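Biologist: Could you take me through this fold and explain the words you use for it?

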Amino acid sequence: MIDTSQFALTDKVAIITGGTMGIGEAIAIGMARAGADIVITSREYERAERVARAVRQLERQALGLACRVDNSEDVQQVVQRATSEFGKIDILVNNAAVAGHKYIFQKSEDVTPDNWDYISNITLKGVFLFCKYVGQVMINQKSGAIVNITSIGGVVALPNALAYCSSKGGVVELTRVLAAEWVPYGITVNSVAPGYIETPTNEAMRQQKGPAYDEVIRMTPMRRFGKPAEVANTAIFLASPAASYITGQTILVDGGWTAM
């Protein structure tokens, strides 16, 4: 018999990086509805606090904190604040990402060292730092679930997105290595790889419905963009007790893109 309570996050404490719009906000609200208390980070405090207020309206506790995910001191301060406020960290969702196609899509020969560093610092180094410092808490408490948000670009090639795909592929491998190492501590580490999702980042493309939009639809067997909640639901499952025998995996939420 299936115990449906295993899908809940009752009284869990979750840190969600980049949790102020799109996928991150959907995960924050979804996990709160599933019973978790939430710590939301953003580069801008006001944006994090806006989502924190929405979580509190769901009668869950929430903190909104400013944090640059590629800054070790900022990350440590978030972890210290979360543990002092809640006494534990059960879930980490690494969702902070580079915003804006102008940073992501360019010919490989035109990628500059500065552009490479900008993308990889947020997309890969930020994941490493949060896993490192939250992982120390989880190792001590001998439990935890980490969910890293990567991309289809981490498992298949997206032309003209060299730095982005390289860093997202790094997140996939980081996930596998940590999953293998941290099994003895009762920690699961998985990743979710979304395809094209209805987020503010690609709103202009969706509104204009030009050649780029047509190409996305052509490459997606479901013939549509995904919804943030569809990614959030997968992250919530991987963070729940229902996924206790899953670790080191990358779950693709892509409407069938990679099946092609």
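What follows is a chat about helix packing and pockets.

Modeller: First, a caution: this is a predicted model, where local features need pLDDT of at least 70 and side-chain atom pairs count only at pLDDT 80 or more, while totals for chains, interfaces and linings use all residues. Residues are numbered from 1 along each chain as its sequence is written, and side-chain values use heavy atoms, with hydrogens and water left out.

Biologist: Why are H5 and H6 called roughly parallel?

Modeller: Helix H5 covers residues 113-141 and helix H6 residues 162-182, and their axes cross at roughly 15 degrees, coming within 8 Å. Axes are lines fitted to C-alpha atoms, for helices over the stretch in contact, and angles run from 0 to 180 degrees between N-to-C directions. Angles under 35 degrees count as roughly parallel, over 145 as roughly antiparallel, 65 to 115 as roughly perpendicular and the rest as oblique. So H5 is roughly parallel to H6.

Biologist: Which residues make that contact?

Modeller: Contact means heavy atoms within 4.5 Å. Among them are Trp116, Phe128 and Ile139 of H5, plus Leu162, Lys168 and Trp182 of H6. By class, the contact of H5 with H6 has 14 nonpolar, six polar and one charged residues. Here Ala, Val, Leu, Ile, Met, Phe, Trp, Tyr, Cys and Pro count as nonpolar, Asp, Glu, Lys and Arg as charged, and the others, Gly among them, as polar.

Biologist: What makes H3 and H5 roughly parallel to each other?

Modeller: Helix H3 (residues 72-86) packs on H5 at an angle of about 30 degrees, the axes being 9 Å apart. That angle falls in the roughly parallel class, so the name fits H3 and H5 too. Val75 and Val79 are among the H3 residues there, and Phe130 and Tyr133 are among those of H5. By class, this contact has eight nonpolar, three polar and no charged residues.

Biologist: And the pockets: what makes a space a pocket?

Modeller: On a 1 Å grid over the protein atoms alone, a pocket is an open set of points where a 1.4 Å probe fits, with protein on both sides within 12 Å along at least five of seven lines; lining residues have an atom within 4 Å of a point. The largest pocket has a volume of about 940 Å³. Its lining has 41 residues, with Asn95, Ala97, Val98, Ala99 and Thr201 nearest the centre.

Biologist: How much space lies in the second largest pocket?

Modeller: About 290 Å³. Gly144 and Thr188 are among the residues closest to its centre.

Notes:
Helix = DSSP H or I, 4+ residues; strand = E, 2+ residues; numbered from the N terminus. Points joined across faces, edges and corners; volume = space filled by probe spheres on them.
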